[in-house]
Amino acid sequence: MHAPRNPRSSGAVPAFTEIMGRGHVLTSARATAPYTTGDRFGMGEVLAVLRPGSLVDMWRALQVCVDHDLIVITQAANTGITGGSVPGDQDYDRDIVILSTLRIDQIHLIHHAREAICLPGATLFALEEMLAPHGREPHSVIGSTSIGASVVGGIANNSGGTQLRKGPAYTEQALFARVDEQGQIHLVNHLGIDLGTDPTHLLDRLQRGQWEAADVTPPPPDSTGTAYADHVRELAGTPARFNADPTFLHEASGCAGKLMVFAVRTRTFPLERDKATFYIGTHRPADLEALRRSILAADAPLPISGEYLSAHAVDLATEYGKDTYVSLKHAGSRTLVRMLALKSWANGVFAKLPGMGPSVADAISQKLFSLVPEKIPPRLVGFRDRYAHHLLLVVSGSQREATARVLEEFFAAPEHEGAFFECDAEEAQSATLIRFGVASAASRYFVMHRAEAFAMVTFDVALRRDDEDWLEHLPPHLADQLLESVYFGHFFCHVLHQDHVAKKGVDPVALKKEMTALLESRGAAVPAEHNYGRIYPAPASMVEHFRRLDPLNMFNAGVGETSPRKGWA
């Protein structure tokens with residue numbers, strides 16, 4: 001345990017130990033390392049990591065934090081890629097505790113599984129498994145589900161994901177604690193469930209699922225999507241979704257950890273078992289944009305998803321994202337979640353050994369999986385070799401024939417260039433998993449090229465909905481500073497992920513600022529769906545939102561490059 005930053009921290013650790021036991025109050029550097037190191041960014045010291053086993057213990061621990069003037073970072077799976085669930089390199093004036101919610105992972109399905117009450121440690125993977133027998137699915141699939149991300153984390157960060165009809169993760173029904181200007185804790189129940197007024201009794205009933213049907217407000221109308229579908233169809237001069245959009249900010253939704261969230265009530269969606277997947281290739285980005293506009297304007301349901309990736313991204317995914325791709329394909333999400341946890345633990349162990357580093361386990365995984373034979377379906381390989389730009393389009397089975405006709409007519413027109421095919425089951429699975437593998441490929445490339453690479457420079461970009469020149473072309477003086485670049489993302493939403501690896505000798509902070517200014521000059525917004533974390537400065541409107549939620553600045557202080565000091569000093 002590091003030396004306390006202020007005298008009021010004294011006595012906090014014994015108080016936490018009395019609440020949850022010595023085994024769940026971690027103070028040594030080795031024990032806390034997996035919690036204090038972000039997946040990509042962020043690392044810092046903490047007074048302790050707390051692992052409460054109940055909502056009541058969370059509530060009591062929060063009171064200790066207030067009494068001892070501590071900063072609280074509420075953390076679930078620690079899978080975020082912008083460092084927002086760990087401390088940063090900031091001038092903190094108080095000690096920090098991380099409150100890990102992973103032991104509090106209950107999910108209660110209500111209204112015949114049309115809605116779910118998810119406690120703070122509940123994962124999307126667990127929710128997906130619980131919903132499947134009911135023919136339902138959660139907001140997110142594949143991406144966040146497969147890395148073990150939490151439901152609450154997705155809502156707190158307005159995570160968007162691949163699901164075009166659903167839009168960002170959002171709810172106005174949550175139960176949370178906030179601390180006012182006088183340091184008084186308020187438990188706010190907006191779940192739409194009558195659980196009483198005494199905090200400890202209320203929280204215990206919630207965790208046990210002890211309420212009557214009459215105590216719960218009715219569910220919303222059932223559908224396969226949300227109002228976001230109408231929003232994204234508008235080809236307006238603004239982005240469709242981004243983290244500072246006030247449309248998607250409400251209490252727990254978009255709070256970025258500036259509240260302590262105990263539970264959220266979320267919609268679930270009918271599971272579409274019959275899907276059709278089309279693989280599209282072209283050399284011209286303008287053709288993909290023309291196709292996007294044609295589909296958005298059509299009097300037909302939106303596709304389920306439409307994911308862009310370049311041929312270069314496919315190559316990177318099959319070489320540097322192979323462990324993710326192979327594990328998901330042959331072992332499933334549960335095994336991948338365990339593998340990622342094991343890799344994180346091993347990296348923490350290796351980092352403490354002389355001559356080792358924080359990514360040895362990644363290098364071992366890369367070497368091992370390079371020996372695994374994995375044949376990519378021939379038609380996917382053919383399109384990778386033939387076309388520079390790819391679109392993975394997934395529609396409902398009832399739209400199969402209509403979509404095929406639209407694509408045939410589109411590419412038959414003399415002004416368009418390209419081709420498509422409908423995937424069989426193996427091709428659809430492989431294409432989807434390759435797309436998911438792209439998300440980790442640049443990070444692995446960076447690890448394997450440490451001798452030449454200096455830093456990752458990543459972007460999560462929301463382009464204007466009407467932006468025709470959507471694919472970035474970097475000026476030579478910026479491109480020359482990069483060792484590698486990969487572009488992929490949620491094409492119909494005009495949300496693109498851009499992962500760059502900067503060369504040795506490059507100033508990554510200055511480079512990112514210049515690249516950000518270039519994006520914003522085009523009317524783009526950053527970040528789109530991963531929140532500000534420790535790498536994006538929050539705009540004034542978002543800072544004001546954070547201040548309203550957390551006037552003392554005790555929750556996740558410093559997020560979005562804001563003041564880390566008490567009372568926002």
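Let's start with Arg-205. It sits in helix 7, which covers residues 199-208. Keep in mind that this is a predicted model. Is Arg-205 buried or exposed? Its relative accessible area is 17%, and the cut-off for buried is under 20%, so Arg-205 counts as buried. Which residues does Arg-205 touch, leaving out those up to four places away in sequence? On one list we have Asp-194, Leu-195 and Gly-196. Then come Gln-210, Trp-211 and Asp-215.

Now step back to the chain. It has 569 residues, and buried ones make up 56% of them. The chain holds 19 helices and 18 strands. Take the contacts with a separation of 6 or more: 77% of them join residues 24 or more positions apart.

Next, helix 2. That is residues 29-36, and four residues in it are buried: Thr-32, Ala-33, Tyr-35 and Thr-36. Why would Thr-32 and Thr-36 in helix 2 be worth picking out together? An α-helix has 3.6 residues a turn, so residues three or four places apart point the same way. What do the buried residues of helix 2 pack against? Four strands: strand 1 (25-26), strand 2 (48-50), strand 3 (71-75) and strand 4 (96-100).

On to a sheet. Find strands 5, 6, 10, 8 and 9, in that order. These 5 strands form an open sheet, and the pairing is antiparallel. Which strands are at the edges? Strand 5, residues 107-110, and strand 9, residues 185-189. Each of those two pairs on one side only. From one strand to the next, the twist averages 20°.

Let's walk through part of that sheet. Strand 5 and strand 6 are antiparallel partners, with 4 bridges. Look at His-108: it stands opposite Ile-117 in strand 6. The hairpin of these two strands has 4 residues between them. There, His-111 takes a positive phi near 50°. Move one strand over. Strand 6 is residues 115-118, strand 10 is residues 260-267, and they pair antiparallel over 4 bridges. What is the bridge partner of Cys-118 in strand 10? It is Val-264.

A helix crosses here too. Helix 4, residues 124-131, lies across strand 5 and strand 6. It runs at about 40° to strand 5.

Last topic: cavities. How many are there of 30 Å³ or more? The count comes to 3. The largest has a volume of about 80 Å³. Its lining includes Glu-137, Arg-165, Lys-166 and Glu-272. Leu-164, Phe-269, Pro-270 and Ile-304 also line the largest cavity, along with Gln-163 and Thr-224. By type, that lining divides into 4 nonpolar, 2 polar and 4 charged residues.

The second largest cavity has a volume of about 70 Å³. Its lining divides into 8 nonpolar, 1 polar and 1 charged. Among the lining residues are Tyr-279, Leu-309, Val-314, Thr-318 and Arg-384. Which helix gives the most to this lining? Helix 14, with 3 residues. Helix 10 (311-320), helix 14 (378-386) and helix 16 (425-448) each supply at least two residues of the lining of this second largest cavity.

That's the tour. Go back to Arg-205 in helix 7 and trace its contacts yourself, starting with Asp-194.

Note on methods. Residues are numbered from 1 along each chain as its sequence is written. This is a predicted model: local features need pLDDT of at least 70, side-chain atom pairs count only at pLDDT 80 or more; totals for chains, interfaces and linings use all residues. Side-chain values use heavy atoms; hydrogens and water are left out. Two strands pair if DSSP finds at least two bridges between them. Axes are lines fitted to C-alpha atoms, for helices over the stretch in contact, and angles run from 0 to 180 degrees between N-to-C directions. Contact means heavy atoms within 4.5 Å. On a 1 Å grid over the protein atoms alone, a cavity is a set of points where a 1.4 Å probe fits but cannot get out, and a pocket is an open set with protein on both sides within 12 Å along at least five of seven lines; lining residues have an atom within 4 Å of a point. Grid points are joined across faces, edges and corners, and a volume is the space filled by probe spheres set on the points. Ala, Val, Leu, Ile, Met, Phe, Trp, Tyr, Cys and Pro count as nonpolar, Asp, Glu, Lys and Arg as charged, and the others, Gly among them, as polar. Buried means under 20% relative accessible area, exposed over 50%, partly exposed in between (1.4 Å probe, protein chains only).
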